Amino acid sequence: MKVMSKPLWFENTLQWLNPAAKESQEPLLFDRHLLWLALCLMVMGLVMVASSSIPEGIAINDDPFRFAKRHGIYLLLCLATMAFVVQIPLAWWQSHNAKLLLLSGVALVLVLLIGRNINGSSRWIGLGPINVQPAEFAKLALFTYLAGYLVRRHEQVRENLKGFLKPLIVFFFLAVLLLAQPDLGSVVVMFVTTVGMLFLAGAKLIQFFGLIFTGVVAVVTLVIAEPYRMRRVSSFLDPWQDPFGSGYQLTQSLMAFGRGDWLGEGLGNSIQKLEYLPEAHTDFVVAVLAEELGFIGVCAVLLLLILLVSRAMKIGKQALLAEQAFAGYLACGIGIWFSFQTMVNVGAASGLVPTKGLTLPLISYGGSSLLAMSIAVAILLRIDHELRLANCQAYKRDAHG
């Protein structure tokens with residue numbers, strides 16, 4: 001009779017609940033610190049979404065916790081998805097990366113054809129009571145594809161221009177679909193992460209700097225071509241010039257930061273969330289956090305995100321040193337993605353960069369973003385698990401050899 005082995009989640013849960021047991025038996029086979037960081041950010045996000053969305057929930061259907069309930073459901077779905085994704089071997093992601101990219105491309109086409117138009121943008125596909133944003137999953141699909149490409153064509157990327165340009169052509173097609181929504185923020189995040197992954201793969205510096213220059217020129221051109229983007233840039237440079245027009249959102253956000261001071265007004269005591277600050281529970285949740293928990297609270301959340309990104313980059317480095325190139329490139333890509341999106345979100349809320357519709361990773365309200373980033377964290381946990389498993393097996397071979 002064949003005896004079934006216990007699944008990964010069961011063994012790791014036992015090790016987590018009983019740390020003393022692992023000392024006498026087997027080493028811990030997952031990154032407990034990474035998991036705790038992600039869970040802490042999710043809990044903080046639930047608290048801040050519950051606090052910042054009360055006025056809007058009352059205004060929509062007289063339910064102050066409307067968005068908190070939905071966010072809680074999203075979190076449960078994310079945790080269940082993470083438990084499933086962490087069981088998937090990295091070899092599956094590597095062998096199916098092109099199919100995932102194609103599927104995300106089809107979803108981006110569908111959103112242009114049948115997507116819901118909200119605030120002038122067609123970024124969501126309606127599935128009953130929920131809206132799915134394909135752009136969030138397209139980011140992960142692109143980075144997975146790039147990791148696979150850099151493994152298959154590593155020498156071409158390093159040695160000739162053709163190998164360097166091929167992944168950029170793929171990015172270009174995705175960017176065209178995203179700009180048609182329009183969603184410049186996701187395009188910028190994809191571009192920066194793509195550049196970072198190509199740099200890690202050893203692309204020539206002249207190609208690297210040429211790509212950065214081309215990207216900057218393209219972004220400036222796109223901003224100039226659209227009047228609403230120009231208004232965002234002008235309001236970013238001087239939001240007080242039109243505080244009740246193009247600069248309204250930023251001035252309200254800056255007021256929230258100012259009121260928060262060092263220690264904040266206290267959880268739930270924000271004034272700006274009382275329908276003064278638009279999108280208080282999504283793109284500008286960090287402004288409400290700053291007002292209620294102060295500079296110290298913002299620094300605490302940023303520290304958690306920095307630690308999470310550093311864990312991702314460390315896992316990527318370990319994978320590259322262990323000659324697991326796909327795992328290494330993908331982990332580093334996820335780290336770059338999280339760090340840059342955090343910088344843009346916090347920078348937009350604090351007036352350091354022009355306003356963009358990007359969520360704060362694992363914090364902001366938004367099921368698609370939360371789910372995509374939870375899957376990314378689960379992939380990081382899987383990468384780390386496979387590295388630890390390989391090291392454990394190598395140690396056992398050496399001990400018995």
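This tour moves through a predicted model, starting with its confidence and going on to a small set of selections.

**Confidence**

Begin by colouring the chain by pLDDT, which averages 84 over the protein, with 89% of the residues scoring at least 70. Then select residues 1-5, where the pLDDT is below 50 and where the model shows 0 contacts beyond near neighbours in sequence. Residues 20-25 also have a pLDDT below 50, although this stretch has 3 contacts beyond near neighbours in sequence. Where pLDDT is low, the predicted coordinates should not be read in detail.

**The sheet**

Next, select residues 116-118, 121-127 and 130-132, and display them as a cartoon: the first range is strand E1 and the last is strand E3, while residues 121-127 are strand E2. These 3 strands form an open sheet in the order E1-E2-E3, and the pairing is antiparallel. Strands E1 and E3 are the edge strands, each of them pairing on one side only. If you look along the sheet from one strand to the next, the twist averages 50°. For a view of the pairing itself, stay with E1 and E2, which are joined in the antiparallel sense over 3 bridges, and show asparagine 117, which stands opposite serine 122 in E2.

**Helices H10 and H12**

Now move to residues 161-179, helix H10, and residues 205-225, helix H12, whose axes come within 12 Å and cross at roughly 15°. An angle under 35 degrees counts as roughly parallel, so H10 is roughly parallel to H12. The crossing of these two helices, H10 and H12, is right-handed. To see where they touch, show the side chains of Leu161, Phe164, Leu168 and Leu179 in H10, which meet Gln207, Phe208, Leu211 and Leu222 in H12. Sorted by class, this contact of H10 with H12 holds 7 nonpolar residues and 1 polar residue, with no charged residues.

**Helices H15 and H16**

For the last stop, select residues 285-321, helix H15, together with residues 325-350, helix H16; their axes come within 8 Å and cross at roughly 165°. Because an angle over 145 degrees counts as roughly antiparallel, H15 is described as roughly antiparallel to H16. The crossing of H15 and H16 is left-handed. What classes of residue make up the contact of H15 with H16? With the side chains coloured by class, the residues of this contact divide into 19 nonpolar, 6 polar and 1 charged.

Methods. Residues numbered from 1 in each chain as written. Predicted model: local features only at pLDDT ≥ 70, side-chain atom pairs only at ≥ 80, totals over all residues. Heavy atoms only, no water. Axes fitted to C-alpha atoms, helices over the stretch in contact; angles between N-to-C directions. Helix = DSSP H or I, 4+ residues; strand = E, 2+ residues; numbered from the N terminus. Parallel < 35°, antiparallel > 145°, perpendicular 65-115°, else oblique. Left-handed = near helix turned anticlockwise from the far one by under 90°. Nonpolar A, V, L, I, M, F, W, Y, C, P; charged D, E, K, R; others polar. pLDDT = per-residue confidence, 0-100. Contact = heavy atoms within 4.5 Å. Pairing = 2+ DSSP bridges.
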